[in-house]
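Visitor: I would like to walk through the strands and the packing of this chain with you, one point at a time.

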Amino acid sequence: VQPAMEGKAPFLLRCMILDSTYGVCLFDKCWHWKTKNTGPHSLSKLVFSFFQISLSLKATQTSGETPAQPGVTQVLFNEKQVTNNSRRGKKEEKQETSKIRLSTTNAEGIIVAFFHSVSATPEEGKQEQLKELVLKVAEDFTAQYQKTYSAMKTEFKDLVSEKQKLPITHEEVLSTFSGFSESFNTIVNKYSL
């Protein structure tokens, strides 16, 4: 887990950039994440699943029309904590007040996904800024890495099929795109989130 940027941890939790065909994680930035064992590869499967579901729903809603520009899709999660009450011998479900939203966009074959907290009293304009941020990250990543990404894409099928002999590892993929960190931090710091 990377250290939180000053002032960013309470709202922005994590950002991932994935391949939209196979769900391979290309870039991962973590500010604040409760589960330390959740690596980018297992979490990318969750993001990719939600992306596939949103594509299915959009296809049903738009009747075959393609939107003119990429939008931002959002999914809201309620965190629940299940505790074992040993005195009563039964499980109690305790609802936590914190919520997490996943905001994603798809552009040029990549998915940009931001996990962020949702407060009971949202600050004015924060959601619009976040949508702009998601789209800006997608735009800058594709501008910098589209050729590299396109050249590597053929290797992703073998990577997700978990064959014994892989042409490339998940760690090598992340390493290839790690240079985006500086640009990414500059973009994020332009927004007051």
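What follows is a short exchange of questions and answers on strands, burial and nonpolar cores.

Guide: This is a predicted model, in which local features need pLDDT of at least 70 and side-chain atom pairs count only at pLDDT 80 or more, while totals for chains, interfaces and linings use all residues. Residues are numbered from 1 along each chain as its sequence is written, and side-chain values use heavy atoms, with hydrogens and water left out.

Visitor: Is L13 buried or exposed?
Guide: L13 lies in strand β1, residues 12-19, where strands (E, at least two residues) and helices (H or I, at least four) are DSSP runs numbered from the N terminus. Buried means under 20% relative accessible area, exposed over 50% and partly exposed in between, with a 1.4 Å probe and protein chains only. Because its relative accessible area is 7%, L13 is buried.

Visitor: Which strand is joined to β1 by seven bridges?
Guide: Two strands pair if DSSP finds at least two bridges between them. Strand β2 (residues 25-30) runs antiparallel to β1 with five bridges, and L18 has C25 as its bridge partner there. The seven bridges, also antiparallel, join β1 to strand β5, residues 110-118, where the bridge partner of C15 is F114; the strand asked for is β5.

Visitor: Which element gives the largest share of the largest nonpolar core?
Guide: A nonpolar core is a set of buried Ala, Val, Leu, Ile, Met, Phe, Trp, Tyr and Cys residues joined through side-chain atoms within 4.5 Å. The largest has 32 residues, and F114 and L133 have the most contacts inside it. The elements that give two or more residues to this core are β1, β2, β5, α2 (126-160) and α4 (180-189). The largest share, 11 residues, comes from α2.

Visitor: How many residues does the second, separate core have?
Guide: Among the members of this second core are L18, C25, V47 and F115. Its size is 16 residues.

Visitor: Why does V112 count as buried?
Guide: V112 is found in strand β5, and, leaving aside its neighbours within four places in sequence, V112 is in contact (heavy atoms within 4.5 Å) with residues including C15, I17, V134 and V137. The C-alpha atoms of V112 and V137 are separated by 7.3 Å, although the two are 25 residues apart along the chain. V112 counts as buried because its relative accessibility is 0%.
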